[in-house]
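My notebook is open, and I am starting with a pair of opposite charges. The entries below follow what I looked up, one topic at a time.

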Amino acid sequence: MFKLRSTAAVLTLLPALLLGACGQSTVFTPTDPPVAVTPITASLTLQLFIPTAPSGQGLAPQYISSATTSLRVQLGSIDTTLALSAANCTPSAGGQTCTFKLNVAPGTGQSLTVSAYDASSRLLSTSTGTANITAGQDNTLTLTLTGVAASATLTPTSRPNDITAGPSGSLLLDLGGSYTIGTSLRDAAGQTILNPGRPTETVTSSNPAFTVSSTGVGTFSVVAPDPSGAAQTTTLTVRDAGGSALVTQVLTVPAEKVTLALSNTAPAAGSSILATARLTSARGQALNVAGRTVTFGTTDGSFPGGTTASTDATGTASVNVLTGTTSGTTGTVSATESGVTTIASYTSVAGTANTTSSTVVLSPNALKVNGTGTLTVTLKDSNNNPVTTPPSITVTGNSIVGAATQNGNVFTYPVTAAAAPETATFTVSSGGNTVGSANLAVSAYALTVSDGAKALSSGSSQYDFQNGNAHSFTVAESNYTGAFTATSSNTAAAKVSVTGGVLTVTPKTTAGFSTITVSDSFGQSFTFTVSVTTASLVIN
């Protein structure tokens, strides 16, 4: 700001001016000497303060740029350029004060324009107004120069974590929403223009998806769109009051990303898994946008509930995937939103062994005590896929099952029958489910009695004693280690004893028949008959 002060210089000419103003005229004769007319002028004192150039960016509130070296004053018919020099400028605190005096004509409604220039004759600031200068009065005129913006800067001032540098000076906005930007205007000498005297600027967007609004002096709000399937870009342009571009800044919201997670990457063939797609920004931040449609696909399986789902408020959408029925198959699931696709894969495995598909075979299913057999288990799931996880075997009884030999999904177990007759049950379980069972009948070997090399027949053989001597028989039973017992049905005719495998029958003096019964501890018995015949000779 500067002040102009004017004072009437020749007050004695005021009557002549007044006469002229009243429209009166003066008559001169040829012999009259010409009357000298001195125009009324005013002394205009112009005073301004030039601040010292700042060491850093920006200036304290100022009215005139520190780069000012000359001042152009246009008042009425006067158009003069005043150079700042030591002759008219004196140092003062924070800068220098310059004073000029001009002779101007009084008058009202005179156009007044003052412009400041730097050493390169570049316009730094200017102001235009109307000057009223009244003769005989102290006239004070006040003007505030408005800076002339030659360049500008545009800088984001909010959400620094969402903004990164892009190519060629562009800025990448990771998420949509409102961002605050600040603008700074500079004159031709590079000095920051501050109020008072800061001109008005506007910021425009080349893409209507990015909206810009002013929120104060040098501050603007930019609302960016949420990330979508393709990058979205705008060019912000800072323009002066005349619409000329001062600076541009490219903003880009990169394309979104889609992540996909499967609840199980090794599911049982033919089972259901959950596929969850989530929208994110280019840098992986959650994109909390609801209502977007995600389309799913798979190379192995189906979607019982359909192939599409809408995102919720967290940008998440999920569907159920029914995997294919063949184990060992690698399937992929895809999720696509706005042309952005991501893929996740899984490899199906066999499910739990199924009772209907699996088999349990005991061969043979009847053994003698301590005999051996084979238990063969073949495991398959409900889709007939081989299940190769070894099952568990439990045995009810005293028979024994040995370690398995595995060939794929076929498990072979050696079986040893108990040392005593029983019915043993072998139960096969897999994955917590009972797959099947098999029963083994264990029986004892036959109990035999022989007379020397001659085998007796139980229930039908008879031995006849020829004298009173005891007779021994052999008792035998394979794989039997217990004791034998023997009884005689007619101890008057014969008595019996058994030690180890030797049965001794001793005839008595009473003639008759006796049934000899030999038993083992298993409850088996063998019977045969002995006869004792006696004779007496009577001599008279």
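**Entry 1: an arginine and its partner**

I looked up arginine 72 and found it partly exposed, because its relative accessible area is 26% and the class runs between the buried limit (under 20% relative accessible area) and the exposed one (over 50%), with a 1.4 Å probe and protein chains only. Aspartate 79 is also partly exposed, at 45%. The two form a salt bridge, with 2.6 Å between the closest N and O atoms; the term asks for a side-chain nitrogen of Lys or Arg within 4 Å of a carboxyl oxygen of Asp or Glu.

A note on what I am reading: this is a predicted model, in which local features need pLDDT of at least 70 and side-chain atom pairs count only at pLDDT 80 or more, while totals for chains, interfaces and linings use all residues. Residues are numbered from 1 along each chain as its sequence is written, and side-chain values use heavy atoms, leaving out hydrogens and water.

**Entry 2: the other salt bridges I followed**

How many salt bridges does the structure hold? I have 6 in my notes. Side chains of opposite charge can pair when their charged atoms come close.

One of them joins arginine 198 to glutamate 201, at 2.8 Å from N to O. Both arginine 198 and glutamate 201 are buried.

Another joins arginine 292 to glutamate 256, at 2.7 Å from N to O. I checked where the two sit: arginine 292 is in the loop between strands S21 (272–280) and S22 (293–298), and glutamate 256 is in the loop between strands S19 (245–253) and S20 (257–262). The pair is 36 residues apart and links distant parts of the chain. Strands here are DSSP runs of E, at least two residues long, and helices are runs of H or I, at least four, numbered from the N terminus. Arginine 292 and glutamate 256 are both buried.

Shared partners bring Glu256, Arg292 and Glu337 into one salt-bridge network.

**Entry 3: glutamate 337**

I followed the network to glutamate 337, which lies in strand S26 (residues 330–337). Why does glutamate 337 count as buried? It does so because its relative accessibility is 4%. Its contacts (heavy atoms within 4.5 Å) include Glu256, Val258, Leu279 and Arg292, with residues up to four places away in sequence not counted.

Its side chain also makes a polar contact with the side chain of serine 338, at 2.5 Å. That term means a pair of N or O atoms within 3.5 Å, where within protein one must be able to donate a hydrogen and the other to accept it, and residues adjacent in sequence count only if both atoms are side-chain atoms.

**Entry 4: nonpolar cores**

Next I looked at the nonpolar cores, sets of buried Ala, Val, Leu, Ile, Met, Phe, Trp, Tyr and Cys residues joined through side-chain atoms within 4.5 Å. In soluble globular proteins, nonpolar side chains tend to be buried together.

Which members of the largest core touch the most others? They are Leu260, Ala275 and Phe296, out of 42 residues. Strand S21 gives the largest share of this core, 4 residues. Leaving aside neighbours within four places in sequence, I found alanine 275 in contact with residues including Leu260, Phe296, Val319 and Val333. Another core lies apart from this one and has 21 residues, among them Val360, Val377, Phe411 and Val428.

**Entry 5: strand S43 and its sheet**

I then turned to an open sheet of 5 strands in the order S38-S37-S40-S43-S42, paired antiparallel; pairing takes at least two DSSP bridges between two strands. Strands S38 (454–455) and S42 are at the edges with a single partner strand each, so each has one side without a neighbour in the sheet.

S43 (residues 502–507) has Leu503, Val505 and Pro507 on its covered face, and Val502, Thr504 and Thr506 on its uncovered one. With S40 (residues 471–476) it pairs over 4 bridges; phenylalanine 473 is matched with leucine 503 and histidine 471 with valine 505. S42 (residues 494–499) pairs with S43 over 6 bridges, and serine 497 has threonine 504 as its partner. The hairpin of S42 and S43 has 2 residues between the strands, and glycine 500 there takes a positive phi near 60°.

**Entry 6: the whole chain**

Last, I noted 1 helix and 45 strands. Of the 540 residues, 38% count as buried.
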